[in-house]
Every structure is written in C-alpha cells, then in structure tokens.
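User: Please take a close look at one part of this model, the place where its two domains meet. What holds the residue at the junction, and what does the surface between the domains consist of?

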Amino acid sequence: MLHVKLMKPFYTKKEGHLVKFVFAYQYFSIMKDDELFHFIPVEGKEIIVNLNTFQVENLSEVFVFQKGNRFIRLPLYQLLLVSDIHRHLQTILQEERNELIEVNEQTRQEATDAIYFLEQENYSRMIDEALSAGNRAMFDALLSQQRQSQQLYGGL
C-alpha cells in the first residue's frame, strides 16, 4: 500500500458545485516501500471533487511520481484504491468547507450591517418629513420605532 506523505494543493478553484485541487512539484509526495516519491506534473495535476456528492470526478487523470530515475504512473482511480489519499482529501475538503462557512458568515454580517444602515437612513428621512409636516404623532411613532430598531441590532 502507498502512503501519502504530503498532499497540499498548490491552489484551489471552485466552479459551481465542483472544486479543483491543482498540485505542483513540492506539494504532493507518496511513500512506497520506505522510499519517498515526489509528484511531477507531467500528465495529470488536478483532482476534481463534486461538492454535492463528494465524489472524485476525474478518475482517469494520471499522476506521476518520481524518485531519481524511477517513476510511478498511477491513474487517480488506482491511487484512490491503493493509498490513504481519501484521508488527505477529507482534510482538504474540510478546510475548504470551513473557509466557505467563514465567507458566508462575513457576507451575512455585511448584509445585516447594510440593512441596519438603510433602515436608520430611512427613519431619519421619515422623521425629517414628519417634522416638516408638523406631524407630532408621526414624529413620536417614528422615533420610538427607530429606538427599537437600534436596540434590536445593538446599535451597530
């Protein structure tokens, strides 16, 4: 059995529900019979994973590893069968998922901030209208609603 010593994508590219992990020289190596073979991007250099099914999409991609003048050529489906590459892929996918969650949280916070800002601007505009019209009841109601909104959002 082959053991993956190092597996770190050179870069990652997300296209819809697919994520592509592209590998370079120093970022992927395997152990075979206590010998370290380093990946060389002669043929295949990427692993494509479907994020909906978590299945590898490009199983026929051929990866080449080298030690001195010896080479190991393995189609991705065979590499998946004879090595512990699954464990490393799971780790990489988990990191990708964590980054995606962080981005979603950041986006959600930015949207909340924008909504709060627009609501406050709208309250200010309507309060100005109530003052211009001399409508004390509307002014009081809007001021009360604005304060409730500020308390709800914590006065961002």
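Analyst: In this predicted model, the side chain of Ser 83 comes within 2.5 Å of the backbone oxygen of Leu 79. That same side chain also reaches the backbone nitrogen of Ile 85, at 3.3 Å. Ser 83 sits in the loop between helix 1 and helix 2 (85-133). Its relative accessibility is 5%, and because buried means under 20%, Ser 83 counts as buried. Leaving aside residues up to four places away in sequence, Ser 83 touches Met 1, Leu 2 and Val 4.

The domain division places domain 1 at 2-82 and domain 2 at 84-155. Their C-alpha centres are 43 Å apart. Across the boundary, 16 residues of domain 1 are in contact with 8 residues of domain 2.

The size of an interface is often given as the accessible area lost when the parts come together. Here the area buried between domain 1 and domain 2 is about 1200 Å², and carbon and sulfur atoms give 77% of it. On the domain 1 side, the residues that lose the most area to domain 2 are Val 4, Met 7 and Leu 80, which together make up 42% of what that side buries. Val 4 is thus named twice in this account: it is touched by Ser 83, and it is listed with Met 7 and Leu 80 for area lost to domain 2.

As for polar links, the count between domain 1 and domain 2 is 0 salt bridges. There are 3 residue pairs in polar contact between the two domains, counted with both residues at pLDDT 80 or more.

Several elements build the side of domain 1 that touches domain 2. Strand 1 (3-7), strand 3 (18-22), strand 6 (46-50) and helix 1 (76-82) each supply at least two of its residues. Strand 1 gives the largest share, 3 residues. By residue type, this side of domain 1 divides into 14 nonpolar, 2 polar and no charged.

To return to the junction: Ser 83 lies in the loop between helix 1 and helix 2, is buried at 5% relative accessibility, and has a side chain that reaches backbone atoms of both Leu 79 and Ile 85. The surface between the domains has carbon and sulfur atoms giving 77% of its buried area, with 0 salt bridges and 3 residue pairs in polar contact.

Note on methods: Residues are numbered from 1 along each chain as its sequence is written. This is a predicted model: local features need pLDDT of at least 70, side-chain atom pairs count only at pLDDT 80 or more; totals for chains, interfaces and linings use all residues. Side-chain values use heavy atoms; hydrogens and water are left out. Domain bounds come from an automatic or database domain assignment. Contact means heavy atoms within 4.5 Å. Buried area is the accessible area (1.4 Å probe) that two parts lose on being put together, summed over both. A salt bridge is a side-chain nitrogen of Lys or Arg within 4 Å of a carboxyl oxygen of Asp or Glu. A polar contact is a pair of N or O atoms within 3.5 Å; within protein, one must be able to donate a hydrogen and the other to accept it, and residues adjacent in sequence count only if both atoms are side-chain atoms. Helices (H or I, at least four residues) and strands (E, at least two) are DSSP runs, numbered from the N terminus. Ala, Val, Leu, Ile, Met, Phe, Trp, Tyr, Cys and Pro count as nonpolar, Asp, Glu, Lys and Arg as charged, and the others, Gly among them, as polar. Buried means under 20% relative accessible area, exposed over 50%, partly exposed in between (1.4 Å probe, protein chains only).
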